[in-house]
Amino acid sequence: MQLLTTPWPIGAALIRMITGCLLIYHGSELFMPDKMQGYSQWMNDLHYPMPAVAAHAGKAAELLGGISLLLGVWVRIFSVPLILTLLLITFTMGHGKVFTDDQHPFVLALLCLAFFFNGAGIWSIDAAKDKKSQSPT
């Protein structure tokens with residue numbers, strides 16, 4: 001079975017790109033006023049300072065971070081706000097129940113942590129830039 005013998009760099013690239021798509025999907029709610037109003041109200045109920053700004057910043061982090069992961073550009077840089085946003089969702093908007101209710105954002109945070117440590121890998125703009133900078137001119 002070819003799938004079971006796929007080298008790790010290819011598998012990691014696929015995981016990075018799929019994670020990016022998931023985050024783009026969640027971040028695209030930034031353009032849905034009703035959803036954003038609901039998130040702002042929820043954050044207000046949780047006593048966040050500047051709840052509308054916080055809601056928009058979180059969705060922007062998901063959207064821009066997702067694009068970063070999908071394309072593989074500045075992955076380590078964008079992983080930091082993603083990790084912070086997803087952990088904030090897990091432990092403050094959620095209840096930190098990482099084995100049940102808050103598993104989804106926590107697992108995404110763990111994936112982003114892996115991307116922070118490992119970078120974009122193959123099939124990425126970062127890899128193409130590195131390859132170009134290493135080639136003799």
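Colleague: What volume does the second largest pocket have, and how should a newcomer read such a feature?

Modeller: Rolling a probe the size of a water molecule over the atoms shows where empty space is left. In this structure, which is a predicted model, the second largest pocket has a volume of about 220 Å³. Its lining is made of 14 residues, and those nearest the centre of the pocket are Trp8, Ala12, Phe115, Asn118 and Gly119.

Colleague: Which elements give two or more residues to the lining of the second largest pocket?

Modeller: Helix 1 and helix 5 are the elements that do so, and the largest share, six residues, comes from helix 1. By class, the lining of this second largest pocket divides into ten nonpolar, three polar and one charged residues.

Colleague: How do the axes of helix 1 and helix 5 cross, and what is one to make of the angle?

Modeller: The axes of helix 1 and helix 5 come within 11 Å and cross at roughly 135 degrees. That angle makes helix 1 oblique to helix 5, and the crossing in which helix 1 passes helix 5 is left-handed. On the side of helix 1 the contact is made by Ala12, Ile15, Arg16, Thr19, Leu23 and His26, while helix 5 brings His104, Leu108, Leu111, Cys112 and Phe115. Sorted by class, the residues of this contact between helix 1 and helix 5 are seven nonpolar, three polar and one charged. Two of the names have come up before: Ala12 and Phe115 take part in this contact, and they are also among the residues nearest the centre of the second largest pocket.

Colleague: And the largest pocket: how much space lies in it, and which residues are the closest to its centre?

Modeller: About 470 Å³ of space lies in the largest pocket. It is lined by 23 residues, of which Tyr39, Lys59, Glu62, Ile89 and Met93 are the closest to its centre. Helix 1, helix 2 (33–45), helix 3, helix 4 (75–93) and helix 5 (103–118) each supply at least two residues of this lining, and the largest share, six residues, comes from helix 3. The lining of the largest pocket divides into 13 nonpolar, five polar and five charged residues.

Colleague: At what angle do helix 1 and helix 3 pack, and why are they described as roughly antiparallel?

Modeller: Helix 1 (residues 8–27) and helix 3 (residues 51–71) pack at an angle of about 155 degrees, with their axes 7 Å apart. Angles over 145 degrees count as roughly antiparallel, and helix 1 and helix 3 are therefore described in that way. The contact joins Arg16, Met17, Thr19, Gly20, Cys21, Leu23, Ile24, His26 and Gly27 of helix 1 to Lys59, Glu62, Leu63, Gly66, Ile67, Leu69, Leu70 and Leu71 of helix 3. In terms of class, this contact of helix 1 with helix 3 holds nine nonpolar, five polar and three charged residues. Helix 1 passes helix 3 in a left-handed crossing.

Colleague: Is the crossing of helix 2 with helix 3 left-handed or right-handed, and which residues meet there?

Modeller: Helix 2 passes helix 3 in a right-handed crossing. The axes of these helices come within 8 Å and cross at roughly 125 degrees, and helix 2 and helix 3 are therefore oblique to each other. Met36, Tyr39, Ser40, Met43 and Asn44 in helix 2 meet Pro51, Ala52, Ala54, Ala55, His56 and Lys59 in helix 3. Counted by class, the contact of helix 2 with helix 3 has seven nonpolar, three polar and one charged residues. Tyr39 and Lys59, which belong to this contact, are also among the residues closest to the centre of the largest pocket.

Colleague: How many helices and strands are there in the protein chain?

Modeller: The protein chain has six helices and zero strands, and along the sequence its pattern reads α-α-α-α-α-α. The C-alpha trace spans about 55 × 35 × 25 Å along its principal axes.

Note on methods
Residues are numbered from 1 along each chain as its sequence is written. This is a predicted model: local features need pLDDT of at least 70, side-chain atom pairs count only at pLDDT 80 or more; totals for chains, interfaces and linings use all residues. Side-chain values use heavy atoms; hydrogens and water are left out. Axes are lines fitted to C-alpha atoms, for helices over the stretch in contact, and angles run from 0 to 180 degrees between N-to-C directions. Helices (H or I, at least four residues) and strands (E, at least two) are DSSP runs, numbered from the N terminus. Angles under 35 degrees count as roughly parallel, over 145 as roughly antiparallel, 65 to 115 as roughly perpendicular and the rest as oblique. A crossing is left-handed if the near helix is turned anticlockwise from the far one by less than a right angle, and right-handed if clockwise. Contact means heavy atoms within 4.5 Å. Ala, Val, Leu, Ile, Met, Phe, Trp, Tyr, Cys and Pro count as nonpolar, Asp, Glu, Lys and Arg as charged, and the others, Gly among them, as polar. On a 1 Å grid over the protein atoms alone, a cavity is a set of points where a 1.4 Å probe fits but cannot get out, and a pocket is an open set with protein on both sides within 12 Å along at least five of seven lines; lining residues have an atom within 4 Å of a point. Grid points are joined across faces, edges and corners, and a volume is the space filled by probe spheres set on the points.
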